[in-house]
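I opened the model to look up a few local features and kept brief notes on each. The entries follow in the order in which I made them.

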Amino acid sequence: MTLRRRALGGLGLAALLPGAAARAGAPIRLRDALGRDVLLPGPAQRIVTIFSSNTELVAALGLMQRIVGVEEYTRFPPEVAGLPKVGGRLGFSVDAVVAQRPDLVIVTPARQAANQLVDPMERIGVPVMVLLSRSLDEVIGNVRLVAQAAGVDARGQALVQSLQQRLRAVDEQVNARVGGQPAPRALMITGRLGNGMLLVARPGTYTNEAMLRAGARHAIPGIGALAQVSPEAALAADPDVLLFAGAQSGLDDLARRPGWRDMRALRAQRAITVARAEFLIPGPRTFDGIETLARWITQTQQKGWG
Amino acid sequence: MNPSGKMWCLALGALALAVVLGICAGHQWAAPAEIWQAITERDTLRSRLLWEWRMPRVLAAACVGALLGLSGAVFQGVFRNPLAEPYLLGASGGAALGATIALLVPLGLPQSWLLPLMAFAGAWGATILVLGVARVAGALDASGMLLAGVAMAAMLGAIRSFLMLALSDETVSLQVVMSWVLGGIQTPTWSGLGWLALITLACLAATQTLARGLDLLGLGDATAQSFGLDVARFVPRAVLLGSLVVAAAVAYGGLVAFVGLAAPHIARWWVGPRHRWVLPASALAGALVVTVADAIARSVLPPAEVPLGLITAVAGGPFFIVLLARRLRAYGGRA
Amino acid sequence: MNDAAMLGAAHLHLSRQGRALLDDVSLELPRRGAVALVGPNGAGKSTLMQVLAGQLAPDSGGVTLQGRPLKALDVRARAQRLGYMPQRFEPHWDVTLLDLVQMRLADPARAAQVLAEADLQALGERRWSTLSGGERARGMLAAVLATDPPVLLADEPGAALDVQHRLALVQALARRGRERLVVVVMHDLDLAFECFDRVVVLHAGRVAMDGAPADLLHAPQLDAVFGVHFERIAVAPNTLLRARSLTSKDKP
C-alpha cells in the first residue's frame, strides 16, 4: 500500500518536470553492478525481471505493464500473479525467457540465475542487467539504473529523491535521540538453518545498513563474513534488541530455546518481528521498513530501558 | 560378429536424428525448417536462440555422452566388472568438490571457465591421488585402486559437505551446487564446442590403443601376461587415460549418472565383446543416450529444466535392474 | 647342441609368510622332451611353473631361457617363446575361439589358419560359454601354441576333463614333446609315467627325484614322497601304480 502511494506521489512530481517523456529510439548505454556494459537500442518496453527485488523496482517506477516475465518466487505486487513464469525452484529457462521476446532482462546473482541467464542472453543478443544490493546507496542506484534503462529518467530521479528524503528524515529522528542515549545493540535473525545455526544480518549488506540507519548498532561487532551464527553466540552477545525477520510464531519458537528466555531483549519484551519483504528484498519497501523500525526504536527508547 | 559398415551407418544416422530432435526440443518446440533458417540467417530472436544456444548445447550433449560411454567401456574393461563405471576412482568426488569451490567460494574469476576448469582439475586430481595412495600402499592392482577410490570418495564428500554448510547463506543456496552435481550440459560457445569436439575425437583415437590390452585383461591377469601384456604397466595407464576422458566429460556436463555404466552394455550387446568395436560403439551409444535425455530434460517441465542427471538416473534404474537379472547371460560377462 | 639346455632354473628360493615354497630348486630342461612334473599337494609344482613362466619372481636364484636370463626378456618376447596353460582359465568376456587366437598372435589374420591346422575351424565362431570342456581345452591349447613357442608349460591341463579328453590332451602334449620342450604338471601318475620321457618329482619345495619313468617307477622313495604304499602291477609293457594304503606315519 505504502509503495503505491509513494510511487504515485513521485510520479505526480515527475509529470510536472519538463522532458519527462521518454525519447524513443535513442540507444541507452549503462554500466551494471558487475561493471558490465549494457547497451539498449531504445527504452526497454518488454522487461523480464528475475527476483522480487527487481520486479518491485520496475513496479515502483509505475512500469508494471512493461513486465512480461517473472519467476515463481515473486509475490508482490499482486499483479504479477498472472504473468508468465520463466523459472523458479528448479532453475531458470532460457527458452521461456526468449519466448517472451524481451528487450531487457534484469537479474540478481542469487541461486543460479546469473549463471544460467547472463551468458545465454548475451549470446542471443538480449540486453541483460545484473544488479547487486550491497548497500542502501546501491539500492537507490538501482532505481536510477532501471529508470534509465526504461527511459523514464525523470521519474526515476524523483523516486530517488523521495527515498533519500525519507532516509534523511529518519537520520534526523535517530540523531535527536532521547537523552543522548547510545544506539541499542541489535541482532537481526534472518533465517534458521537445519542444523540449528542462525543466519543474521551482517556488515556489508543492505539489510545490516537498514538496521543501522534505523538507529541500532550490531550486537556482535566482530562478526566476519560468515553468515552463520550459533545460538550460543547469539546468547552470549545478549543484544538489547532482538529482531526476527519472519512471523511471530518463528520468534516464539526461537524464544523457547534453552537459555533464551533470560536474554535481556526477551525479558524486557524488546524482541519484535520485522517484515521479510522489507528487510530481505532490496527495494523501495526497505525504506518503509527502516522508517517503521526507527519509529519503534525511538518509542522504546522513550519508554526507557528498564 | 564384427559389425558391418552398414550397421555403423545406421547407428550414425540414428545419432544425427537424435541431434535434430534435440535441437527441436525445448519449451517451445522448433520445426526442422526453423533449424535451417537459423543456420542460414539469424535475424529473429528465435533463430538466434537456436543457433547460439540450442545447437551448441545439443552437440555438446552428444560429445559429453560419447566421452562418458568411452570412459565407461575403459573402466569396465580394466576392472573386468560389468558394474564398473567411470566415477569409481574418485572422479565424481573430486569433480564435485572442484565445482563446489568454483560455485561457492568467491574467487572473483569468471565462472564460465572457472567451473569447468575446477571440475576437471578436481576429477583428474582425485584420480591421481587415488593412484598415488594405491601405489604407496603397494596395491596398484584393480582391487587396491578400488579401495583407495572408496576412501577418497568418502573424504572428498566430507570436505564438500562442510564447504556447502559453511558457505551457504540466503543468496547462495546449496541448490547451485546440487544442480551441478545432478548433471547438466554447460552450453559452450561455438569455439568452445570446437575444442570439445576435438577433445572427443582425440579421446576416441587414444582409447583405441587400449583395445588389445583390454581384451587381454579379460582373459585374467596370468593369461594376459603370458599372452604378452605387461599387466602391471598397462592397468595404471588405462586407468589414467579413462580418468582423463571422464574428467573432460564432467567438466562440460557435470555428474551425469548411469551413462558410463549403461553405454558399454548397449555396445557389447550390439557389437560383441572385442574392445576394438566396443569402444567406439560405447561412445556412440553414450552420445545417443545423452542427446535424447538432454532433449527430455529441456522440454518436460516448463519453465524449469530438469537436471540431466535426474533423467538418466530415472531411466538408469530400471536398466540396472534388468542388467542384474541378466547377469549370467552371455555378452555381459560373468558374475 | 641338440640337447643343450633350453630352460634352466638355478637355485630357486621362494618363501611366503615364513613357509618355503621353493627350496633350492635347480633344473635343466633340454630343447626337446616331454617332462612331467609330479608331487603331492603343496609340493610347489604350480609355484615352480609360475616362476618358470616368469609370472612370479623368486626370492633368489634365476631362470634362463635359451641361455639368457628370463628377467632380461620383456613381456612380449617372453610371450612369444613361452606358452603357458594355466590350471583354470575362465575368460571374463564371452569371446569366440577365433578371438582368443587373434589375441595371442601379433598378426591376427593368421588366426583362422592356426585353427584350421588344429582342426578347430568349425569351432572358430562359437562363443566360449557354448563350448564343452574338451573343446575349451583343445581351443586353449591351440591358442597357446599359436606362436609355436619353443617351451610349453601346462599346469594340470586335464584337471576338469573326462577320461577321454584328458587322455587325448596329454597325448597331444606328449607328442609335441618330440619337437619342442613341454613341461606338464600331472596329478595322474599312471599317465605321467606312461606318456612322458622324463619325470621330475617335487616334494616340500625340493626336487626329490628326477629321471626316466622306468628308473623312478620302482624306487621306494616314491612311496615316501606321496605318503602311500604303492603296489606295482605289471601290465606289459607298462607298470601301473596302485596306492594300497597310507604309510605308517599317517596311519591312525
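**Notes on chain C and the nonpolar core**

I first looked at a cross-strand position and found that C:F230 stands opposite C:A243 in β12(C). I bear in mind throughout that this is a predicted model.

I then traced the strands around that position. Strand β11 of chain C covers residues 228-235, strand β12 of chain C covers residues 238-246, and I noted that they pair in the antiparallel sense over eight bridges. I looked up the connection as well: a hairpin of two residues joins β11(C) to β12(C).

Next I turned to C:D190, which I located in helix α7 (residues 189-195) of chain C. Is C:D190 buried, exposed or partly exposed? I counted 13 other C-beta atoms within 10 Å, and C:D190 is therefore partly exposed, since exposed residues have 12 or fewer and buried ones 20 or more.

I listed the contacts of C:D190, leaving out residues up to four places away in sequence, and found C:L240 and C:L241. I also checked C:T239, which is 49 residues from C:D190 along the chain; their C-alpha atoms are separated by 8.4 Å.

Last, I examined the largest nonpolar core, which has 270 residues. Which residues touch the most other members of this core? I found A:L117 and C:L37. The largest share of this core, 21 residues, comes from helix α3 (residues 45-79) of chain B.

I followed up C:L37 and, again leaving out residues up to four places away in sequence, recorded contacts with C:K45, C:L48, C:V183, C:V184, C:V185, C:M186, C:V200 and C:L202.

Key:
Residues are numbered from 1 along each chain as its sequence is written. Chains are lettered from A and ligands numbered from 1 in the order in which they are written. This is a predicted model: local features need pLDDT of at least 70, side-chain atom pairs count only at pLDDT 80 or more; totals for chains, interfaces and linings use all residues. Helices (H or I, at least four residues) and strands (E, at least two) are DSSP runs, numbered from the N terminus. Two residues are in contact if their C-beta atoms, placed from the backbone, lie within 7 Å. Two strands pair if DSSP finds at least two bridges between them. A nonpolar core is a set of buried Ala, Val, Leu, Ile, Met, Phe, Trp, Tyr and Cys residues joined through C-beta atoms within 7 Å.
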